[in-house]
Amino acid sequence: MSDGVAAVSKFLTWSVVDGPGNRFVLFLQGCNYHCVTCHNPHTIGVCSDCGACVAVCPSGALKKSGRKVVHDPGPCISCDSCLSACPTRANPMVRRMTVNDVLELLRRNAPFLNGLTVSGGEATLHLDFLIDLFTAIKAAPDLAHLTLFIDSNGNLPAEGWQRVLPVTDGVMLDIKAFDPERHRRLTGADNDLSLASARLLAEAGKLYELRFLMIPGETDSPEEISALSALAHELGPHTRLRLNAFQHHGVRGPAATWAPMPRAGVEAAAGVLQASGLAEVVLPSVWLP
Amino acid sequence: MTETLSQLRRIAQNPTLSFKQKEHALAVEAENMLPYVLLDAETRAALDARIICDMYEGNAPYKPRYVLPDYEVVLKNGSTHLELPKPETLDEAINTLQIAYHHVPSVTGMPVFIGHLDALLLPFCDGVSDDELYRKIKLFWRYIDRVLPDAFLHADIGPTDNRVARAILRADAELKQVAPNLTFLYDPEVSGEDILRLCTDNIIACSKPHIANHPIHREVFDEPGYAIVSCYNALPLRGGAASLARINLKKVAEASSGEADFLDVQLPRYVHLNARLMRARVDYLFRQSGFFDGNFLVEEGWIDRDRFTAMFGIFAMAEAVNHLQDLAGRPGRYGHDAAANELGHRISARLAELVEREPMEHVWRGVAMLHAQAGLSSDAGTTPGVRIPYGSEPDPVSHVQALLPHHKHYLSGVSEILTLDETVRSNPEAVFQLAKGALQLGFREFTANVTGNDLVRVTGFMIRLSDVKLYNAARGSRVNTTALGAEAAETVHILDRKPRVVGLELMAGSGV
């Protein structure tokens, strides 16, 4: 479905937390999970041009043109009022970018970059765009040094991975929960595809990092941690495992009143995982006060 | 006179200053009881309005602002004046340098340059094991920090990857001292990526070293080359800088009716007045102070009176651009908006052109060198040099891209500080790539602070945040520059921000 264009929620020229080295990060709009704990909920939905955001925009950056909501970056003051007003968790500031647009941005910043990470939303919803983009980068001599990563929830069938993996250097895969019922409750979706993706990616040597969000009273239970340990061992004791701690930053809806994950709990889980023989358990590099 | 006396009394009775610090402050006051060097009325008026500024260097310049001795002379020949034989061993070489430092003047009263240490010491390292070398360097480092505790004091290493440079980087990261400040001269053809990576890892540990773009600096200077000293000033080796005077671009913009008036009328006017101020000060130093007459540093060849430049400083580029943007009714801000950034780049190009047209007697190559000046601790409401205002900096990559076009114009240095948040600690490769990219694209120098480090950079010099806390609790500090950092912290709340960058540099009269 790619016509060489993707809806881009945001891009960064400097990110040190999305893979090895400094990475250009492209956040694509739209997600097939609806996580209650999402800290970027405005990347989930797709704009329906309802215009609720136009009414709250204080700078006149958002206008209705015919049936469409149009965003003008010039007057925009990045106050994000539109994001809070959006009933569908979409983002009217999304811009449509072509593969060539992205290549140009990469070229402008290439000396500073170790690679590109495509995140979301869910990056693999834009699979054809990803394949076109990655293929073009690999074919460009001035960009070929960039490593190409995908940050994904893994909700992609094997056929999809098989198409994109030949041009992909690594995948950071989130497992949201192991208990199927809990996974449905937290994300609105089943986890069987995610778990299968973890195995497929490890087998293909493309699993850069397995990520697990610890939520108090949900995914910090001994059962969840022991299931995580079992999966990581199955994938190989050298699997790089990153534990993240649930925080309120950006969260909207009921989870905003949940307790944040305490540092001690994450460190205790890391201790259990390390004791089980996992070589690389990574903790958050900064703890919020 | 009563005001002067009470100022002298305040210094004499200040409980937070050490004996040495009082002595220096009293000397500054005494110099300023002399009449100012002779100025014409127009220059005097611009100075009094602080549109141009002499950095409070003192009324009667009797020593160059920065002295960069060629220490190789004393290591090769010894010194007749100091009755020092030529050193033969590493211990003797370090001892000779330690003695030499005490005879090198500068505006701070302590040397601002202590040598290209790896090049100086390598010839003495045959037969010295790596471990022995590292232990000797550690003692040397401790000596410097305890005996010459001034953060403007600067050591250079590189561009080769060598044992001494590595021992210094290792000791420096371990000790995390304020002094000496440290610059690695990086040349991609010579240095190799291994030592660049070691440097960026050290930045994560202690916000040092500063990394200079050696090929770019090298082509500016003739033999015997240059050194990076004090607040990242690039100056001729075996010489230095006679003086530094600067223009407050914000005030020049406020005196302008618009961009054209600024570029075509006001800027040329104040460049000319600042040049007159510099000429008067340089003239006093060379023709009246007697500094170069009968000076053993000159007679033995440590310094050469023909190798002293004059630094033509500018600051508050950000405020000047934003003011001109306001006058033109354009909303874009410096550091963020392409048109505002380009206006800044045009101003820098114009400055370079104007400074080139102001001949200066006694000065190396006959013209001053443009410098993006890092500020005084008493400046308020202005941003140092061409920097982007604190708290509004974009991400490090956009930051470098926004300032890059300025760099080619500032031949005697453009100190820029990138602030990196703490997450880089777990991803040192990103800092390496950032430094490599910036240097590859032509950044003259790469300097970074990492949040969470106790040792942070106050524009050009280093302070320990724990020292600032102690000083503010009225316990004083054994390090001279802590008072400047504390003043800067108070004046512009530079430590309140996250990430922490300290904005202003100097105490009037004693700073760099």
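User: Does Gln433(B) count as buried or exposed?

Analyst: Gln433(B) counts as buried, because its relative accessibility is 8%. Buried here means under 20% relative accessible area, exposed means over 50%, and partly exposed is in between, all with a 1.4 Å probe and protein chains only. Please keep in mind that this is a predicted model, in which local features need pLDDT of at least 70 and side-chain atom pairs count only at pLDDT 80 or more, while totals for chains, interfaces and linings use all residues. Residues are numbered from 1 along each chain as its sequence is written, chains are lettered from A and ligands numbered from 1 in the order in which they are written, and side-chain values use heavy atoms, with hydrogens and water left out.

User: OK, and where in chain B is Gln433(B) found?

Analyst: Gln433(B) sits in helix H17 of chain B, which covers residues 428-440. Helices (H or I, at least four residues) and strands (E, at least two) are DSSP runs numbered from the N terminus.

User: What is Gln433(B) in contact with, leaving aside its neighbours in sequence?

Analyst: If neighbours within four places in sequence are set aside, Gln433(B) is in contact with Ala110(A), Pro111(A), Phe112(A), Leu113(A) and Asn114(A). Contact means that heavy atoms are within 4.5 Å.

User: So that's chain A. How many residues does the contact take from each chain?

Analyst: The contact takes 17 residues from chain A and 20 residues from chain B. The area buried between the two chains is about 1500 Å², with carbon and sulfur atoms giving 64% of it. On the chain B side, Val397(B), Thr423(B) and Gln433(B) lose the most area to chain A, and together they make up 32% of what that side buries. Buried area is the accessible area (1.4 Å probe) that two parts lose on being put together, summed over both.

User: Which helices of chain B supply at least two residues each to that side?

Analyst: Both H16 (396-403) and H17 of chain B supply at least two residues each of the side that touches chain A. H17(B) gives the most, with seven residues.

User: Tell me about H16(B) then. Which of its residues are buried?

Analyst: The buried residues of H16(B) are Pro396(B), Val397(B), His399(B), Val400(B), Ala402(B) and Leu403(B). That is six of the eight residues of H16(B), so the helix is largely enclosed by the rest of the structure. The cover over these buried residues includes helix H3 (99-109) of chain A, and from chain B it includes helix H15 (338-356), strand E12 (418-420) and H17.

User: Zooming out, how many helices and strands does chain B have?

Analyst: Chain B has 19 helices together with 16 strands. Of its 512 residues, 62% are buried. When contacts in chain B between residues at least 6 apart in sequence are considered, 77% of them join residues at least 24 apart.

User: Switching topic: how many salt bridges does the rule find between chain B and chain A?

Analyst: The rule finds zero salt bridges across that interface, whereas a search of the whole structure finds 49 over all chains. A salt bridge is a side-chain nitrogen of Lys or Arg within 4 Å of a carboxyl oxygen of Asp or Glu.

User: Which residue does Asp222(B) form a salt bridge with?

Analyst: Asp222(B) pairs with Arg365(B), and their closest N and O atoms are 3.8 Å apart. This pair links distant parts of the chain, 143 residues apart, with Asp222(B) in the loop between helix H10 (214-218) and strand E7 (226-229), and Arg365(B) in the loop between H15 and strand E11 (369-372) of chain B. Asp222(B) is partly exposed at 29% relative accessibility, while Arg365(B) is exposed at 52%.

User: And which residue of H15 pairs with Glu353(B)?

Analyst: Glu353(B) forms a salt bridge with Arg350(B), with the closest N and O atoms 2.5 Å apart. Both lie in helix H15 of chain B, three residues apart, which is about one turn of the helix. Glu353(B) counts as partly exposed at 37% relative accessibility, and Arg350(B) counts as buried at 17%.

User: What about chain A: which residues join into one network?

Analyst: Salt bridges that share partners join Asp151(A), Glu209(A), Arg211(A), Arg240(A), Arg242(A) and Glu280(A) into one network. Elsewhere, Glu267(A) and Arg263(A) meet in a salt bridge of 2.8 Å, N to O. These two are separated by about one helical turn, because they are four residues apart in helix H9 (residues 263-275) of chain A. Glu267(A) is partly exposed, with a relative accessible area of 35%, and Arg263(A) is also partly exposed, with 46%.
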